Amino acid sequence: MSILYLVLVLMLSSASSIRCCTEHDRNSLLRFLDGLSQDGGLAESWRHGTDCCSWEGITCSSSTAGKAATVTGILLASKKLKGSISPTLGSLPGLLRLNLSHNSLSGSLPSEIMSSGSIVVLDVSFNGLDRPLPPPLPSTTALKQPLQVLNISSNKFAAEFPSLGAVANLVALNGSNNSFTGMLPVAPLCRASPSLALLDLSHNRFTGEVSLALASCSMLKVLKAGTNNLSGILPFELFDMTSLEHFSFPNNGLEGELDGSHMAKLSNLVTLDLGGNCFHGKIPESIGQLNKLEKLSLYSNKMSGNLPPSLSNCTLLTTIDLKINSFSGDLGNVDFSALHNLKTLDLLANNFSGVIPESIYSCSNLTALRRAYSNRRSDEHILKL
């Protein structure tokens, strides 16, 4: 009798240490599975009567005495999933990370998920979601929604971008490669999310001018809005965003001149990409103060004048792309030998005169040089140094 009692105690002790999800979490996941027309093999492990903490792609918290484990992660990227996203995923009370990227999901991103009171990282990029993006529902508590990272890039979202006023903790938003229209949604976004550090809205259909309200996103490090239909002059207030490291607005209809006194404020800039616009005037001498700059792209504009000698102060430059402008003068004004990291120098279709200076050939990492002579005859040099 004592031996049987001991065995029973050991069995109960072992069972208490095993993680076991709640029935609510299990049923919510199964409803998501039911909405898939192609489950990528999930049904093999996602079965009724089994612990969902052991299912493929699911992570759970540790269970404690008298309390079941909760689902904290749904990590199903690149699983060849097809079908719709069930709103029941938004009801998982402990869910922190939801990654459904690189699948073939369609339909909508349910508002229940956008309004989750627990999700911190939400990634549904590279799918076929095509319904209007729903705004988060107002919180029913005094607590702000915890969402910090929202990646909805490379889907088929259209219409205007919704207000994200209820998402006060957002740090990174990638809405690139969709078909969003209207003005850039920067005013409400910057007001609601003061800690926003990454904003990528490139490759959409946004129109109009760039709002000076964007400057209130003072914590931004990455700002990308290339390949849209933006127009007008960049507000001077944008150059007060001294945290910016990547400033990218290529392939729009922006115009104006690059003001030297304002550009010098962007001392942390690593990438400056304003190619494919209608900027005119010279490259300001103050560009030499951007000593962290690695990529300078001003191709296909209406810029002119000599290249500033101070460009050689940007010793971390790997790419200089100034093709299809009206730059002129002698390239010898710039000491290219100081640009030890330079890999690509594209000056094609400009009005430079003279010969290629010897300082260019001392750039040991340079693999491609393209330039145009003043008579418009263009030569391409591929250097193997």
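Two strands count as paired here if DSSP finds at least two bridges between them. With that in hand, this predicted model can be read from its open sheet of seven strands, in which the pairing is parallel. One such contact sets Gly208 against Leu230 of E16 as bridge partners. The protein chain has 385 residues, of which 49% are buried, and its secondary structure comprises six helices and 28 strands.

**Chain overview**

- The accessible surface of the protein chain is about 17200 Å², and carbon and sulfur atoms account for 54% of that surface.
- Of the contacts between residues at least 6 apart in sequence, 56% link residues at least 24 apart.

**The seven-stranded sheet**

- The strand order is E14-E16-E18-E20-E22-E24-E26.
- Strand E14 (207–209) and strand E26 (351–353) are the edge strands, and each of them pairs on one side only.
- From one strand to the next, the twist averages 15°.
- Strands of a sheet pair through backbone hydrogen bonds, in either a parallel or an antiparallel way.
- E14 and strand E16 (residues 229–233) run parallel and are joined by three bridges.
- Within this pairing, Gly208 has Leu230 in E16 as its bridge partner.

**Strand E6 and its partners**

- In strand E6 (residues 104–107) the side chains alternate between two faces.
- Leu105 and Gly107 point to one face and are buried, whereas Ser104 and Ser106 point to the other and are not buried.
- Strand E4 (residues 82–83) runs parallel to E6 and is joined to E6 by two bridges.
- Lys82 is the residue opposite Ser104 in E6.
- E6 is also joined by two bridges to strand E8 (residues 128–129), again in parallel.
- Here Gly107 is opposite Leu129 in E8.

**Aromatic pairs and a charge over a ring**

- A pair of aromatic rings is described by the distance between the centres and the angle between the planes.
- The structure contains seven aromatic pairs.
- One of them is Trp46 with Trp55, a stacked pair with 5.2 Å centre to centre and 25° between the planes.
- Trp46 and Trp55 are both buried.
- Phe157 and Phe180 are stacked as well, because their ring centres are 6.1 Å apart and their planes are at 10°; planes under 30 degrees apart count as stacked.
- Phe157 is in the loop between strand E9 (149–151) and strand E10 (158–160), while Phe180 is in strand E12 (residues 179–181), so this pair ties together parts that are 23 residues apart in sequence.
- Phe157 counts as buried because its relative accessibility is 0%.
- Phe180 is likewise counted as buried, with a relative accessibility of 0%.
- Phe157, Phe161, Phe180 and Phe206 together make up one aromatic cluster.
- Elsewhere, Lys323 lies over the face of Tyr299, at 5.0 Å from the ring centre.

**Surroundings of Phe32**

- Phe32 belongs to helix H2 (residues 23–34).
- Its relative accessibility is 0%, so Phe32 counts as buried.
- Setting aside neighbours within four places in sequence, Phe32 is in contact with Trp46, Leu76, Leu81, Ser84, Ile85, Ser86, Thr88, Leu89 and Leu100.
- One of these residues, Trp46, is also a member of the stacked pair with Trp55.
- Another is Ile85, which is 53 residues from Phe32 in sequence and 6.5 Å away in space, C-alpha to C-alpha.

**Positive phi outside glycine**

- Most residues other than glycine have a negative phi.
- His102 has a phi near 55°, which is positive in a residue other than glycine.
- His102 sits in the loop between strand E5 (97–99) and E6.
- With a relative accessible area of 42%, His102 is partly exposed.
- Ser154 also has a positive phi, of about 55°, although Ser154 is not a glycine.
- The loop between E9 and E10 holds Ser154, and that loop also contains Phe157.
- Ser154 is buried because its relative accessible area is 16%, and buried means under 20%.

Note on methods:
Residues are numbered from 1 along each chain as its sequence is written. This is a predicted model: local features need pLDDT of at least 70, side-chain atom pairs count only at pLDDT 80 or more; totals for chains, interfaces and linings use all residues. Side-chain values use heavy atoms; hydrogens and water are left out. Helices (H or I, at least four residues) and strands (E, at least two) are DSSP runs, numbered from the N terminus. Axes are lines fitted to C-alpha atoms, for helices over the stretch in contact, and angles run from 0 to 180 degrees between N-to-C directions. Rings of Phe, Tyr and Trp (its six-membered ring) pair if their centres lie within 6.5 Å; planes under 30 degrees apart count as stacked, over 60 as edge-to-face and the rest as tilted. Buried means under 20% relative accessible area, exposed over 50%, partly exposed in between (1.4 Å probe, protein chains only). A charge sits over a ring if NZ of Lys or CZ of Arg is within 6 Å of the ring centre and within 35 degrees of the ring normal. Contact means heavy atoms within 4.5 Å. Accessible areas come from the Shrake-Rupley method with a 1.4 Å probe; for residues, only the protein chains shown count as cover.
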